[in-house]
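Dear colleague,

I am passing on the structure below, together with some notes on what I found in it. Please have the sequence and the coordinates open as you read.

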Amino acid sequence: MSNHNFQQPQTVADTAAVDNAAQPIGVVLEIAGSGSQIALDLQRLNACTQDADPSVALAGQVGSQIKIRVGDTWLLASVRNQRQDRRANGGVLANIDFLGEGNEEKLTGKIRSFRRGVTRYPVPGAMIYPATTADLRQIYASDGRSNIQVGTVYPTKDIRAGIYIDAMLGKHFALLGSTGTGKSTSAALILHRICEAAPDGHIVMIDPHGEYSAAFKTNGQILDVTNLAMPYWLMNFEEHCEILLTSNGNERQIDADILSRCLLKARSRNRLAENLGKITVDSPIPYLLSDLANEVQTEMGKLDKSTNSAPFMRIKNKLDEVKNDPRYQFMFSGMLVGDTMADFIAKVFRMPGEGKPISIIDVSGVPSDITSTVVAVLSRLVFDFAIWSREEKTRPILLVCEEAHRYVPNEANADGSTVGNILGRIAKEGRKYGISLGLITQRPSDLAEGVLSQCGTIISMRLNNDRDQAFVKAAMPEGARGFLDSIPALRNRECIICGEGVAIPIRVSFDNLEEIKRPASEDPSFVELWNAPGGEEDAVERTVERWRSQGV
């Protein structure tokens, strides 16, 4: 590398004047398919740090962008890592990942019509230049597809970061980040932007902690145990088994056979069934819980003395418990026996939306032993609705699942639950039927591996755990490697977005969300709350009262 190319400006004041962007900062040493090695000049890097352009000031640093001229095109690459060159008067060696290329405008030297991928690689010895904010503006400019703007591109102050909404939803997406990184607020921001872009959309969000009701008061339908009114007869046979069978092993199979016979008979009693002719145990046809209990009783009455009546008693006892427990009333109330299926689906899927394109289903009040079954029923309704409405005009549905690792766990934590099966199926086949899946989790390593790999767009905030970082790296595309190394160093409300939803991987600072649109997930301030005593006795009394009445 001749010194001629790296002549230093005299003073810092001159540095800005001598356009740092026009002077090389290093040279290509070695070229390989996806990434290559370069040598950087330390003096030039130091001179660039004083530049007014934040992109030039970061030139050569890990995660920054650099450009290399090849013929009349500019290649863009991101710096993956740096290490000291051990040789005499050594500079800095770095590996880079190619992002794409753009044409050079002859008069201005600017980059235009940027595209992913590389057609011609540079040769060793080619000069390397810093990418300027103007270059980045061209790279991150929208290509005309409909997009939602969620923040600004790091390190610039004014380049807007957009996500292509069709590409993101068409191939599923995942939002990952450790607790406390601003994940819930970022999820609310993305969903608000989608609602603004599509005010007649159909979004269903499963909210296990009741955080999002506050964020979507104005433009969402909030459903919880008080007004969900989810009829028990919508469950298929597998879901009935999950709630009503308490046994394991061989006994479970015996119980399941009895339940199957009795459930089919109970469903057959409805006049809907008479009109349909042939029905199955899975058909969503209303039946009376008392009919099911009577069928079990009748079957038990047919037994001869030597046959064991225990399986019948187990089912009957569980049925009584479910009918009489006030916590189950949102689903197993005697009031829910009417044929409300069309109304229920229209309400949950927002068809028509009436200006509220999102329904927040707050399952925080659902008894923990049936939460996963409730989520399974809702997810399966989305899937079955999409399959049975193929004759109609497609109305895509976005299903967003917060705390996704609870519902689609990896093999080590798998419990064979129906919710894991149905969400796994939606991940694999959903997009053929117009269903998009959005997974939000702070423990990606606890997610089923196949499900994360089905997500075409990954939005990763800071992950503090090594296992989670490794898991996300394995799921992300090659070109994003340089960005991935900065995942542990991201600040709150910053993220890396890569995959289908963006032209090239980007690091983004999320926009501020107005107070009224934020979820209720702020961490409590211990010191402030502990220093504001008073009224504790009454609060304890009221809490005990609510506790005893179980929200009834």
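A detail from the interior makes a good starting point: Leu398 has Ser436 as its bridge partner in strand β15. Please keep in mind throughout that this is a predicted model, and that what follows was computed from it.

The strand on the other side of Leu398 is β14, residues 397-402, which pairs with β15 in the parallel sense over six bridges. Strand β10, residues 173-176, also pairs with β15 in the parallel sense, in this case over four bridges, and here Phe173 has Gly438 as its bridge partner. Strand β15 itself covers residues 435-441, and because seven of its seven residues are buried, it is largely enclosed by the rest of the structure. Ile435, Leu437, Leu439 and Thr441 point one way from this strand, whereas Ser436, Gly438 and Ile440 point the other way, and all of them are buried.

For the overall picture, the protein has 21 helices and 18 strands, and its C-alpha trace spans about 100 × 60 × 45 Å along the principal axes. Of its 552 residues, 51% are buried. The accessible surface comes to about 26000 Å², and 50% of that belongs to carbon and sulfur atoms. If one takes the contacts between residues at least 6 apart in sequence, 68% of them join residues that are at least 24 apart.

Turning to the nonpolar interior, it may help to recall that in soluble globular proteins nonpolar side chains tend to be buried together. In this model the largest nonpolar core has 134 residues, and those with the most contacts inside it are Ile194, Met331 and Ile459. Helix α14, residues 368-388, gives the most to this core, with 11 residues. A second, separate core of 21 residues includes Val70, Leu75, Ala77 and Ile128.

Met331 is worth selecting in your viewer: when residues up to four places away in sequence are not counted, Met331 touches Met230, Pro231, Tyr232, Met235, Ile243, Leu336, Ile370 and Val374.

Ala77, named above as part of the second core, also appears in a pairing of positions with Leu99, since the C-alpha atoms of these two residues are separated by 5.1 Å although they are 22 residues apart along the chain. Leu99 lies in strand β5, which runs over residues 92-104, and Leu99 counts as buried because its relative accessibility is 5%, where the cut-off is under 20%.

Ser460 is a polar counterpart to look at, and it lies in strand β16, residues 457-460. Its relative accessibility is 0%, so Ser460 counts as buried. Leaving aside neighbours within four places in sequence, Ser460 is in contact with Leu176, Val472, Met476, Ile487, Leu490, Glu494, Cys495 and Ile496.

Where does the backbone call for a second look? One such place is the loop between α13 (341-348) and β13 (358-362), in which Pro352 lies. As a reminder, most residues other than glycine have a negative phi, and most peptide bonds are trans. The peptide bond from Met351 to Pro352, however, is cis, with omega near 0°. Arg350, which is placed in this loop, has a positive phi of about 60° although it is not a glycine, and Glu354, likewise in the loop between α13 and β13, has a positive phi of about 50° although it is not a glycine either. Are these two side by side in burial, or opposite? Arg350 is buried, with a relative accessible area of 4%, whereas Glu354 is exposed, with a relative accessible area of 67%.Finally, on the surface, Phe526, Val527 and Trp530 make a nonpolar patch of about 420 Å². Trp530 lies in helix α20, which covers residues 526-530, and with a relative accessibility of 68%, Trp530 counts as exposed, because the cut-off for that class is over 50%.

With best wishes

Technical notes
Residues numbered from 1 in each chain as written. Predicted model: local features only at pLDDT ≥ 70, side-chain atom pairs only at ≥ 80, totals over all residues. Heavy atoms only, no water. Patch = residues over 30% accessible without salt bridge, like charges linked within 9 Å, V, L, I, M, F, W, Y side chains within 5 Å. Areas by Shrake-Rupley, 256 points an atom, 1.4 Å probe, with all protein chains shown as cover. Salt bridge = Lys/Arg side-chain N within 4 Å of Asp/Glu carboxyl O. Helix = DSSP H or I, 4+ residues; strand = E, 2+ residues; numbered from the N terminus. Buried < 20%, exposed > 50% of the residue type's maximum accessible area, 1.4 Å probe, protein only. Core = buried A, V, L, I, M, F, W, Y, C linked by side-chain atoms within 4.5 Å. Contact = heavy atoms within 4.5 Å. Pairing = 2+ DSSP bridges.
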